[in-house]
Amino acid sequence: MLTIVNRTIKQCQKGFTLIEVMLAMAVFSIAGIAILGTADTNARNLGYLESKIVASWVASNQLVEITLDTSWPPKNNKKGKVELAGQEWFWQQKVEKTTDKNLRSIVMEVRLDEKDSSALATLVTYIAKQQP
């Protein structure tokens with residue numbers, strides 16, 4: 001008789017209970033929220049990295065212009081702006097003395113906003129004085 005009752009109970013349980021369905025929905029909703037949060041963070045970081053790469057291109061281009069110019073760079077802090085990738089970039093050149101009087105250090109900083117305190121990209125190069 002006990003086997004007949006067990007078979008009858010097993011035959012009646014063909015679907016999920018309401019608690020099982022709600023628990024599954026809760027697990028999937030938590031996983032979905034976590035995935036959306038990760039995708040949002042990834043999208044924001046991608047935009048920041050793109051800005052840093054373009055800023056490094058601007059700095060590199062400015063340093064190439066300086067190295068192509070054969071005149072000895074004076075100690076100064078030049079500023080300028082250039083357009084690249086549909087945005088306006090602000091650069092600042094800092095020429096510094098080194099311990100060698102025939103060598104100067106040039107630091108190029110690039111920002112999206114001229115008033116930003118920190119630069120998106122900073123590159124350094126050294127220029128040697130050409131001997132006559």
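This is a short talk through one predicted protein model, from its overall fold down to a few single residues.

Hi everyone, thanks for coming. Let me start with how far we can trust the coordinates. The mean pLDDT of the chain is 87, and 89% of the residues reach 70 or more. The confidence varies by element, though: helix H1, residues 2-12, has the lowest mean pLDDT, at 54, while strand E3 has the highest, at 94. As a general caution, where pLDDT is low, the predicted coordinates should not be read in detail. With that said, let's move on to the fold.

There are 2 helices and 4 strands in the chain, and along the sequence they run α-α-β-β-β-β. Of the 132 residues, 20% count as buried. If you take contacts between residues at least 6 apart in sequence, 42% of them join residues at least 24 apart.

Now, the inside. Which residues have the most contacts within the largest nonpolar core? They are Ala-55, Leu-63, Ile-66, Trp-89, Ile-106, Met-108 and Val-110, in a core of 15 residues. Two or more residues come from each of H2, E2, E3 and E4, and H2 gives the most, with 6. For background, nonpolar side chains in soluble globular proteins tend to be buried together.

Let me zoom in on Ile-106, one of those core residues. Leaving out neighbours within four places in sequence, Ile-106 is in contact with Leu-63 and Ile-66, with Pro-73, with Gln-93, Lys-94 and Val-95, and with Leu-123, Val-124, Thr-125 and Ile-127. Next to Ile-106 in the numbering sits Ser-105, in strand E3. Is Ser-105 buried or exposed? Ser-105 is buried, because its relative accessible area is 7%, under the 20% limit. Its contacts, again beyond four places in sequence, are Lys-94, Val-95, Glu-96, Thr-98, Val-124, Thr-125 and Tyr-126.

Over to strand E1, where we find Val-82. At 29% relative accessibility, Val-82 counts as partly exposed. Setting aside residues up to four places away, Val-82 touches Val-58, Gln-62, Gln-87, Glu-88, Trp-89 and Trp-91. Take Gln-62 from that list: Val-82 and Gln-62 are 20 residues apart in sequence, and their C-alpha atoms are 9.5 Å apart.

Just after E1 comes a backbone oddity. Ala-85 lies in the loop between E1 and E2, and its phi is positive, about 60°, although Ala-85 is not a glycine. For reference, most residues other than glycine have a negative phi. Ala-85 counts as exposed, because its relative accessibility is 59%, over the 50% limit.

Last stop, for those of you who like pockets. The largest one holds about 230 Å³ of space. Its lining has 13 residues, and nearest the centre are Ile-66, Asp-69, Pro-73, Lys-78 and Gln-93. Helix H2, residues 18-68, and strand E2, residues 87-97, are the elements that each give two or more residues to the lining. H2 gives the most here, with 3 residues. What is the make-up of the lining by class? There are 6 nonpolar, 4 polar and 3 charged residues.

So, to tie the two regions together: Ile-66 is among the residues with the most contacts inside the core, and Ile-66 is also one of those nearest the centre of the pocket. H2 gives the most residues to the core and the most to the pocket lining. That's all from me, and I'm happy to open the model and look around with you.

How values were computed: Residues are numbered from 1 along each chain as its sequence is written. This is a predicted model: local features need pLDDT of at least 70, side-chain atom pairs count only at pLDDT 80 or more; totals for chains, interfaces and linings use all residues. Side-chain values use heavy atoms; hydrogens and water are left out. On a 1 Å grid over the protein atoms alone, a cavity is a set of points where a 1.4 Å probe fits but cannot get out, and a pocket is an open set with protein on both sides within 12 Å along at least five of seven lines; lining residues have an atom within 4 Å of a point. Grid points are joined across faces, edges and corners, and a volume is the space filled by probe spheres set on the points. Ala, Val, Leu, Ile, Met, Phe, Trp, Tyr, Cys and Pro count as nonpolar, Asp, Glu, Lys and Arg as charged, and the others, Gly among them, as polar. A nonpolar core is a set of buried Ala, Val, Leu, Ile, Met, Phe, Trp, Tyr and Cys residues joined through side-chain atoms within 4.5 Å. Buried means under 20% relative accessible area, exposed over 50%, partly exposed in between (1.4 Å probe, protein chains only). Contact means heavy atoms within 4.5 Å. pLDDT is the predictor's confidence in each residue, from 0 to 100.
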